[in-house]
Every structure is written in C-alpha cells, then in structure tokens.
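Me: I have a chain open and want to talk it through. Can you take my questions as they come?

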Amino acid sequence: MKPKQFLLLLVAALVLGGGGLWVLRQRSATFDRSRGAMGGSLLGTFDGSQVAALRIRQGSNTVNVVREGDQWVVRERGNYPANVADLGAFLQKLDGLKIARPVNVGASRLPLLDLTADAATVVDLLGSDGQPVKSLRLGRQSTKAGGGADDFMMGGGFPDGRYVQVGELVALVGDPLSNARPNPADWIAKEFIKVEQPVRVQIRHPESAHSFTLSRTNEFADWVLADPADGEALDKNKLWSFSSLMGSASFTDVLLEPDLAALGLDAPVEAQITTAGGLVYDIKVGAQDGDGYPVQVSVTGDFESERTPGAEESAEDKERLDQEFKDKRAGLQKKLKAEQALGKWTYRLSQWSVEPLLKKRSELLEAPKSDADAPAPSGAISDPDDDAPLLPFPLFPDPN
C-alpha cells in the first residue's frame, strides 16, 4: 500500500471514529436530559406574584380571570367575583406540575395528542402588562385501564394525566387538569343567599288566586295559613319544604344585561321570606328556561338594637347573654352585608332550588272531602253490596 493511500485511510478512520463518538455522546446527552426532565418542574421557576390574570382559550371560547386590586373577577361575567378557592388551587397545581415523561413527537404527531392550535386548550398566566409570564398548551388526556396506561387515549378507562406543550417541550404530566375549561360559569364565586329559620313566607303569583301567606311563631312551630277561606285546611305533609326554604339554594350562572320581558321578570312570581333573626328576602322568579329559572334577590334587615334582660337574671348571666346577643347581631350584620352585594345581579338557578317558591295555594291544602268520605250516621250499618236485595227476615232466626 502506498503511503499516500495509507494516510487517506487513517484520516477516514479518525473521522469515522470521531463521528461515531460524537453520535454516542449526543445520544448519551439526550438520554441524560430526558432522565433529568422526568420528575422535573414543567413550568420551571417563576414569580407567582407577577401573575395578574389567568386566561384559558379553546377555539372561540375564552375566559379571563383578572386581579382587580385585592379582588379577582371574571371578565366575561361583567367582573363578577371569581371563585378564589378554585383559582388558587388551580394556580398552585400549575406551579407544582411535574413531568411524568417527556414525549418525543414531531409536528406530524401533534394532532394525535390534540396539541394543534385549533384543538389544544391554551392556558396563559399573564402579568400586569397583559403579556404571558408562562404559557402552556393542554392536549389529550391520558387514561389508565386494566393496570396500564393508554398513551393516546384510544381505549376506555379514567383520565390519569394529560399531554402538554411548553415551548418546544412536549410531556405527559400526572394530572388530567380537568378543570382547565374556558367556561366563565366555572370560575365565578357560587356563594348565594342562605335563608335560616324562616318564620313568614308570602308568595305572590301574577294570578292572585294562587297567592298565599304562611307564618309560624318559631322554627319548630307548625305553619299557619293566613286568611283561610271556608273549607281550606293546610296539609302538613305538603309543607316540609318551607322549613328549609332557600336554605341551600345555588345558582349555575350570572345573566348579563337581562331582558326582563324575555326572562319573564316583568311579571314574576314574587316571594318574601322573613327569618327569626330579622332578615327579609325579596325574591323574583321569572319564566322557566330549560331546567333553570332567572332569579333576582334583594335582602334587608331589621335587628333589635338591645336585648331585654330576664326578670331574675344574675349579673353573670346578664353579661354572658348580652355578649351572645352582640355576637349574634354582629353575625347577622355581616351576613346582611354579604348578601346585599348579590342584589345587583340576575342569576340562573336550578329547578330544584326554585320549585318551592312556585307552589300555588291549592297545592298546600288538604284534598276536599267527598260525600263518600263522610262518616256513616251513628248506628247505621253500611252494606258492602248496595245492589243486593234486603231480606225481610233474619238470615239466622233465633231458635228460641
């Protein structure tokens, strides 16, 4: 072999050897990076105090939860207060997301994971300047069935994770992030009025014949119908819902710029509920729409300013009872202030919450008794067979 040929072969060997070593090192580095990414933070480190808004987008649907001063509000619901408990839990979840497994996919496979621009749910954490502090795309949820993971959710099972994209990184995280939906109704605060110890209920229907007023002396007493007509008597079995009337009511959404006529609130069913504590709730219920009703509510209060001591109270009892009275009054004033803030909105309530307010007078009364229900005269014997002929003599004559 000529020296020149040998030198060329040696150079080629060095190049090939060096290239092989470079490829090996690149594969090792890639493996090390993947292994290091597993269990690592998805979003990395960032200052949560810089987050001034949460924006969730999917297709044409968007929700913006924005910090206004010391309050978080939902833009798409006229700045209605946001559910800060759910918001805080969601932001904390995002901050703690760990990479369960990096996913090496090219652009051609992103549609399989619903990570394309038109399919993904985009979550932006925005600063006060409206620019993203952190952004991520949420794709298809992963599922687990039969003890194994279904990476592309082609089978059944329950969601146990989700494919996400942050920049160029695509990874599977161990949380399905099911509450990351661009639905404004999901993010508004759902605290509503809570009527406690109702002692008077007045229901006014557009048709006055259906209206009625019930009252009782305390929360344990029986309800009494005001101004009963002749023959009217309350059926106690039909009054159970009035003792807990609007005690656990909840609304599903807030209605912006309500058209009162279209919602039936120009001629509503009106309810006034007075509680033992002195709170008065005025409620208007419009026309049914699907499984819900539009509702408006206002709250007032008339509290006793002082407690009347008992005739034989000791000084110690008086001090204790006076303090209890003050604490109860302070609690009622706080409750009144919180519930009065609800008065400027129109709500959509579920049917089960509203149904007791829609009762008609006739639906609370005992059924009228017919002649057949009247008791037989004393000494009379009723014949089970009215068509049977009467015998002129006893069926079993006296042998004596």
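**Working through the chain**

Me: Start with contacts. What share of those with a separation of 6 or more is between residues 24 or more positions apart?
Reply: 63% of the chain's contacts at a separation of 6 or more are between residues 24 or more positions apart. Keep in mind that this is a predicted model.

Me: How many helices and strands does the chain have?
Reply: There are 5 helices and 18 strands.

Me: What percentage of the residues is buried?
Reply: Of 400 residues, 33% count as buried. The chain has an accessible surface of about 24700 Å², and carbon and sulfur atoms make up 53% of that.

Me: Which residues touch the most other members of the largest nonpolar core?
Reply: Phe-192, Ile-193, Met-246 and Ile-283, in a core of 66 residues. Leaving aside residues up to four places away in sequence, Ile-193 touches Met-246, Ala-249, Tyr-281, Ile-283, Val-297, Val-299, Glu-339 and Leu-342. Another core, of 8 residues, lies apart from that one, and includes Leu-110, Leu-113, Leu-115 and Leu-172.

Me: Now the sheet of 8 strands. What is its strand order?
Reply: The order is 13-12-11-15-16-17-18-14, in an open sheet with antiparallel pairing. Strand 13 (224–225) and strand 14 (251–255) are at the edges with a single partner strand each, so each has one side without a neighbour in the sheet.

Me: What packs on that sheet?
Reply: Helix 4 (residues 315–340) does, touching strand 16 (279–285) and strand 17 (292–301). The direction of helix 4 makes about 140° with that of strand 17.

Me: And how many bridges join strand 11 to strand 15?
Reply: 6 bridges, between residues 198–204 and residues 269–275, with the strands running antiparallel. Within that pairing, Pro-198 is opposite Thr-275.

Me: Which strands form a hairpin with 2 residues between them?
Reply: Strand 9 and strand 10. Strand 9 (residues 158–166) pairs with strand 10 (residues 169–173) in the antiparallel sense over 5 bridges, and Arg-162 sits opposite Val-173. In the turn, Gly-167 has a positive phi of about 65°.

Me: Which residues have a positive phi without being glycine?
Reply: Two to look at are Asp-114, with a phi of about 55°, and Asp-227, with a phi of about 50°. They are worth a mention because most residues other than glycine have a negative phi.

Me: Where is Asp-114 found?
Reply: Asp-114 is in the loop between strand 5 (99–102) and strand 6 (121–126), and is partly exposed at 24% relative accessible area.

Me: Is Asp-227 buried or exposed?
Reply: Asp-227 is exposed, with a relative accessible area of 70%. Its place is the loop between strand 13 and strand 14.

Me: Switching to aromatics. How many aromatic pairs does the structure hold?
Reply: It holds 8. In one of them, Tyr-80 and Tyr-347 have ring centres 6.2 Å apart and planes at 85°, so that pair is edge-to-face. Tyr-80 is in strand 4 (residues 80–81) and Tyr-347 in strand 18 (residues 346–350), so the pair ties together parts 267 residues apart in sequence.

Me: Are Tyr-80 and Tyr-347 buried or exposed?
Reply: Both Tyr-80 and Tyr-347 are buried. They belong to a cluster linked by ring pairs, together with Phe-192, Phe-251 and Trp-345.

Me: Last one: where is Ser-362 found?
Reply: Ser-362 is in the segment after helix 5 (351–354), and is exposed at 51% relative accessible area. The C-alpha atoms of Ser-362 and Phe-212 are separated by 9.3 Å, with their positions 150 residues apart along the chain.

Terms used. Residues numbered from 1 in each chain as written. Predicted model: local features only at pLDDT ≥ 70, side-chain atom pairs only at ≥ 80, totals over all residues. Heavy atoms only, no water. Core = buried A, V, L, I, M, F, W, Y, C linked by side-chain atoms within 4.5 Å. Buried < 20%, exposed > 50% of the residue type's maximum accessible area, 1.4 Å probe, protein only. Contact = heavy atoms within 4.5 Å. Helix = DSSP H or I, 4+ residues; strand = E, 2+ residues; numbered from the N terminus. Areas by Shrake-Rupley, 256 points an atom, 1.4 Å probe, with all protein chains shown as cover. Phe/Tyr/Trp six-rings, centres within 6.5 Å; stacked < 30°, edge-to-face > 60°. Pairing = 2+ DSSP bridges. Axes fitted to C-alpha atoms, helices over the stretch in contact; angles between N-to-C directions.
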